[in-house]
Structure formats: structure tokens, C-alpha cells
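Trainee: Could we go through this model together? I should like to begin with burial.
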Amino acid sequence: MSEFWLISAPGDKENLQALERMNTVTSKSNLSYNTKFTIPDFKVGTLDSLVGLSDELGKLDIFAESLIKRMAQSVVEVMEDAKGKVQENLLANGADLTSFVTHFEWDMAKYPAKQPLVSIADTLAKQLAQIETDLKSRTAAYSALKTNLENLEKKSTGNLFTRTLSDIVSKEDFVLDSEYLITLLVIVPKPSYAQWQKTYESLSDMVVPRSTKLLAEDNEGGLFTVTLFRKVIDDFKTKARENKFTVREFYYDEKEIKREREEMTRLLSDKKQQYGPLLRWLKVNFSEAFIAWIHIKALRVFVESVLRYGLPVNFQAVLLQPHKKSSTKRLREVLNSVFRHLDEVAAASILDASVEIPGLQLSNQDYFPYVYFHIDLGLLD
């Protein structure tokens, strides 16, 4: 499973024994894989500052998770032709995400533990905010390029009534620069090809004999040329319509056709040029954002453990990886049973949802007798 539970319990003898019982039960029952989660000794500061920091870290946690999910989705969108290789580009420090989390080590160089907790949180917040700003600008430019390219490509994939004709017709298909003659393009239903060949010359006066030619076909019909005198255009269109032949309004403009083709070539070239740098930026900064997110989780465990268990700082953090979704309920029951002594009333309410805690509005979904945080690596779900 791509899910982790990050918990902590006091570090005294009784609770270390409880952790051992937890490890024994979860191992024997094959409920989870457990590892110690090492967190540095930070400067605690005042309890009042920790309460405020707890709220800020909660918001930052949500923001960080949202950001890395958006970055993961951006990788999917950029790698449109190689979606099967997306996961190998979502790494943290060159390691897969599960390995990084299970072998987490606090980055002392980037986030010195001797700094005040507020300063560390501020550094993380500024780092993530800058990544988000860059993500928006880079992906917006690439998305605009993709949209323009897709719009041009759509013009080439519609039916004969709507699609561009610049890649179908050529200069030789038309009588150009004539004062008297003009070449029209007519869409003829497939069942009516024979009728067209028999009747097009007589649909009006002054139609040039043997001037029709099939240029292109789709599932429903074909695009034919016909040359006639300019002064009978309206009459020809009326008669064509009566016979279920559609004159496609089109004027051959060599400069416009050249411009459209050059625009397609330019957009394809620009997309190719932007693809590599954007994907590299996403890979590097996804890694940075993910690493920052796990550091935020570690900070939250530290802050909540001090607030829950008090001073001096003495707690043990453990990372649990449930083996399968179906075992999470049983795993939760084991944890609540092992650590119920930490908060007898709350634990009782969790084990029996019918029990109400006077003065508290708690859900058995969001309160536990131990410090608990959830890490979900299903970033593409």
C-alpha cells in the first residue's frame, strides 16, 4: 500500500513497552511494517508559540500535499505519450517515495535543527510558495502552447464541412487570378457521387465541362472541385443545395495557407523545446516539494507530541505501513488498545463509538490517544 501512519508515544519505560507490544502484535498478525522515525531535538520555545505553530503547520501540511499532487498531475500531462513512465519520474532525492519515507533523515543542512521551530516552518513555507509560483508560470506557458497546437490539430481532424483545407488543396486545384472564372469546392455525399458526375455540368449555365476532381474523402462524403463563370455562382449554389450538394466557402490564399502551416511547425518545435526543460524542472522541484512535505510531517509530530505529552521532550515516533487496505481497521483497533492508557476516556470512545465524551466533540475518525498523522503516496489517484 502507498499509505503510511506516523504516530508517536511517550518515551518512558511503560510506553516503550507498549510500542514493543504494538510491534509484536502487528508483525505476528501481518498488519503493518513498522520502523522508527527519527526526529531531531528541536528548540521548543514556549507552549503558547507551539499552539500557534500547530495551526500553521496543519495549513502548511495541506498546502504541501496539494502542491505535490498538482505537480504529479503536471508530470502526467507533460508525459502524455509516455504515461507508463510517470512513476519513475516522481522521486525524492533519487529514491522512490516509499523508500524515502521509510529511510527518512532530517536534512540538517537545509533546515538546521538549532533554529527556532517557527523559523524552520517559515523556511519550508517560503520554499513551497516559490515552487508553486514557478509551477503556475511554467505550466501556464506550456498549457497555452498545447492548447494552441490542439486547436490547430482539431482543424485538421474534423469532417469536410469544418476542417481546414490547407493540407488538402494545392494551387493547381484552382483557377486563380481570372476575371471571369472561379473554382468552387463542393461536398458530395458518398451515395451521390454518380449523380454529381452526371449533373454538375448542367446545374447552371456556364459550368466548365470536365472541371470536377475529387480532392479528399471522409466517412460521409467527398470534396470535389468545379470551375464555372463568376456570374453564375449564386445560381449554381442554389441548384447544388437543391440536390443536397454543399458548396464549401473557401478562398485559396497562398499566404494564409503558408502562415497556417508555418504556425503548426513553430508550435510543434516550441513544444519539443519546452518539453525537456519543463519535465526536468518538474522532477527536481517535485522532489524538493515532497521532501519538504515529509519534513513538515516530522515537525508536526514533534510539536503535537510536546503539546500532548508535555515537557521535558521525551517521545518515540514510529512509521507504520499497513500491508493492505482491509487490515487498517484491525490495525487501528490494536493501536487504540495498546495506547488507551494515554487517554482512557478518548480511547474508550474510539473503541465504542456510542460513548460520548462530556464537553468534547470528537470523531473517532480524527482523534486518537496517541499522536497520529497520515501520509498518502497515492498522488495520482
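Mentor: Let us fix the term: buried means under 20% relative accessible area, exposed over 50%, and partly exposed in between (1.4 Å probe, protein chains only). This is a predicted model, in which local features need pLDDT of at least 70, side-chain atom pairs count only at pLDDT 80 or more, and totals for chains, interfaces and linings use all residues. Residues are numbered from 1 along each chain as its sequence is written, and side-chain values use heavy atoms, with hydrogens and water left out.

Trainee: Is D173 buried or exposed?
Mentor: D173 counts as buried because its relative accessibility is 12%.

Trainee: Where is D173 placed?
Mentor: D173 lies in the loop between helix 4 (117-155) and strand 5 (181-189); helices (H or I, at least four residues) and strands (E, at least two) are DSSP runs, numbered from the N terminus.

Trainee: And which residues is D173 in contact with, leaving aside neighbours within four places in sequence?
Mentor: They are I168, T183, K213, L215 and T225, where contact means heavy atoms within 4.5 Å.

Trainee: Turning to the sheet, in what order do the strands come?
Mentor: The open sheet has 4 strands in the order 6-7-5-8, with antiparallel pairing; two strands pair if DSSP finds at least two bridges between them.

Trainee: Which strands stand at the edges?
Mentor: Strand 6 (213-217) and strand 8 (246-248) do; each has a single partner strand, so one side of each lacks a neighbour in the sheet.

Trainee: How many bridges join strand 6 to strand 7?
Mentor: There are 4, and E217 has G222 in strand 7 as its bridge partner.

Trainee: Lastly, what follows helix 7?
Mentor: G310 does, with a positive phi near 85 degrees.
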